[in-house]
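Hi,

Here is the model I promised to pass on. Have a look at it first, and my notes follow below.

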Amino acid sequence: MMKKNSTAMEAEDVQQNEKIPLKRRLSLGDIPMTETNGKHLLSPDECFYIGRADSTARMSNSEANSVCRHRIRITEVVPSHSSIIDGRETDWRLSLHQFSSKKQNKEERSKFSKRIRSYYKAQDELIGAFEDIQLGVDEDMDDSEEARQIMKTAGLYAKITFFANLVLLAAKAVAAFLSGSISIISSLVDSVVDLSSGVIIWVTGRAIRQRLPYVYPQGRTKLEPIAIVILSVVMSLASVQLIRESIEKIINLTTGDSKPPTVDIATIVITASAIVIKLVLWLVCRRIKTPTVQALALDHRNDVLSNAVALVCGYVGSQELLDKTGEKGLIYVDPIGAIVISIYIIINWWITGYGQIKMLTGHTAKPDFLKKLTWICVNHHPKVQYVDTVRAFHFGNNFLVEVDIVLPEDMTLKEAHDIGEPLQQKLERLKEVERAFVHLDYEFEHNPLTEHKMA
């Protein structure tokens, strides 16, 4: 009788213990906690809990008592610290090997389709970024000396571009005057806009460097995308005007009110020299990955194409070729070439301006960059229990970052501050980050959208 009562009490005790829901384990482990309202998280049909298994969960009480001696009870399936770390305080970070082991080399990727290769290439680049951060040699971490050198190089290229455009403007003006080709005139207008763009970018760059912390606390980095947007509008309007003049030229050639252009050797040499100079500038500027220099590189590339089309179309539609071939239909090639150049310029600068507008209006960052920020937060400190929210959106060319991390509820203000501020500084070391804000919380069950005013 005593044995039966003992068995029944044991079965009842086991059933009560099995009903205790477990809290998700943290980096260094924690003690399972029960709900405060006394209710069970799972139904009897779901009586399988992390770390424990009840083989009689689907049995009645009488059946459970009768087979209690044969019950298999697993009271712990993972170490108390974690299942992915070895419990030492120096190894609280996420296992880097679990990510590095997923990398695919070029030979392994070559057997897949193009889309699969693209996926694995992006994944390998992200894993490589994780490895650099973990090893403390992240190339994306801002180095003041390197940043100053890049800015100095960018300023030098901007000056070179300015003086090159000034020289080419004078040369094209001579070529346009000698030939009268509408295609070469379109190239001349392009050079005028190039010169104006160089002045605008130089002025904005100087204004950005002159920081006024009391008047512009966040800096004036938005001036650069604003300048590029203005430049794209000016370029588009100039191209529209050229399209109108080209159409008038075609009409005048049809009625005989206008003559074909004269493209002689001097015009060809001047235009070809402009193509060579712009090609060299494009090859040099495309290596500097700053928005300003990349805009200049795009402009140089457009100039190479537009000048080449202007030279070819101007000569094909010239009086010299008409005298040689006698084909009157070729005289329309010159204004048609000007229209093609103008449309090409409009499309390219519209794409550039639209991209800058997205940056000015706070477009979100790409998922890979958000993953990188999340990795930094997760591996920042062993007492960071959860990463609640990670946001990054454009603040001009760079990003404004907001992260919410969860710390223990009973942590002192000093200790919480000493965890949050270094995380903010670590995030701001990234070259893409203009400013980072770290919010400290003690729970993660609230709706993040309720934290700020929603317009």
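Let me start with a hairpin: S3 and strand S4 (residues 398-406) run antiparallel and are joined by 9 bridges. You can follow the register through the facing residues. Tyrosine 386 sits opposite valine 406 in S4, and further along alanine 392 faces valine 401, also in S4. The turn has 2 residues between the strands, and glycine 396 in this hairpin takes a positive phi near 85°. If you look at side chains here, keep in mind that in a regular strand they alternate between the two faces of the sheet.

The hairpin belongs to an open sheet of 3 strands, in the order S3-S4-S5, with mixed pairing. Strand S3 (386-395) and strand S5 (433-441) are the edges, each pairing on one side only. On average, neighbouring strands are turned by 15° against each other, direction ignored. H14 lies across S4 and S5, and runs at about 160° to S5.

Before going further, a word on confidence, as this is a predicted model. The protein chain has a mean pLDDT of 74, with 76% of its residues at 70 or more. Which elements mark the two ends of the range in mean pLDDT? Helix H14 (residues 413-428) has the highest value, 93, and strand S1 (residues 48-49) the lowest, 34. The pLDDT is below 50 over residues 17-89, a stretch that still has 95 contacts in the model beyond near neighbours in sequence. Residues 137-142 are also below 50, with 18 contacts counted in that way. Where pLDDT is low, the predicted coordinates should not be read in detail, so I'd leave those contacts alone.

As for the whole chain, there are 14 helices and 5 strands. Of its 455 residues, 37% count as buried. Taking the contacts with a separation of 6 or more, residues 24 or more positions apart account for 69% of them.

On to the annotation. The unreviewed UniProt entry gives "transmembrane region" for residues 156-178, 184-205, 226-243, 263-284 and 330-351. I checked two of these ranges against the model. Residues 156-178 are 100% helix and 0% strand, and the C-alpha atoms at the ends are 33 Å apart. Residues 226-243 are likewise 100% helix and 0% strand, with 26 Å between the end C-alpha atoms.

Proline 335 is worth a stop. This residue is in helix H12 (residues 333-360), and the UniProt record's range 330-351 takes in that position. Is proline 335 buried or exposed? Its relative accessible area is 0%, so proline 335 is buried. Leaving aside neighbours within four places in sequence, proline 335 is in contact with Ile182, Ser246, Lys249, Ile250 and Leu253. Cysteine 313 is 22 residues from proline 335 in sequence, and the two C-alpha atoms are 8.1 Å apart in space.

That brings me to the cysteines. Cysteine 313 counts as buried because its relative accessibility is 13%, under the 20% cut-off. Cysteine 285 is buried too, at 2%. How many disulfides does the structure hold? The count is 0.

Last, a pair of spots around helix H5. Aspartate 124 is found in helix H5, and with a relative accessible area of 10% this residue is buried. Not counting residues up to four places away in sequence, aspartate 124 touches Lys102, Lys103, Gln104 and Arg109. Phenylalanine 112 has its place in the loop between helix H4 (106-109) and helix H5 (114-135). Its relative accessible area is 27%, so phenylalanine 112 is partly exposed. With the same sequence neighbours left out, phenylalanine 112 touches Gln104, Arg117 and Tyr120. Gln104 therefore turns up in both sets, touching aspartate 124 as well as phenylalanine 112, where the former is buried at 10% and the latter partly exposed at 27%.

That is what I have so far.

Best wishes

Terms used: Residues are numbered from 1 along each chain as its sequence is written. This is a predicted model: local features need pLDDT of at least 70, side-chain atom pairs count only at pLDDT 80 or more; totals for chains, interfaces and linings use all residues. Side-chain values use heavy atoms; hydrogens and water are left out. pLDDT is the predictor's confidence in each residue, from 0 to 100. Helices (H or I, at least four residues) and strands (E, at least two) are DSSP runs, numbered from the N terminus. Contact means heavy atoms within 4.5 Å. UniProt positions are given in the numbering used here, feature names are shortened, and annotations may be inferred rather than shown by experiment. Two strands pair if DSSP finds at least two bridges between them. Axes are lines fitted to C-alpha atoms, for helices over the stretch in contact, and angles run from 0 to 180 degrees between N-to-C directions. Buried means under 20% relative accessible area, exposed over 50%, partly exposed in between (1.4 Å probe, protein chains only). A disulfide is a pair of cysteine sulfur atoms within 2.5 Å.
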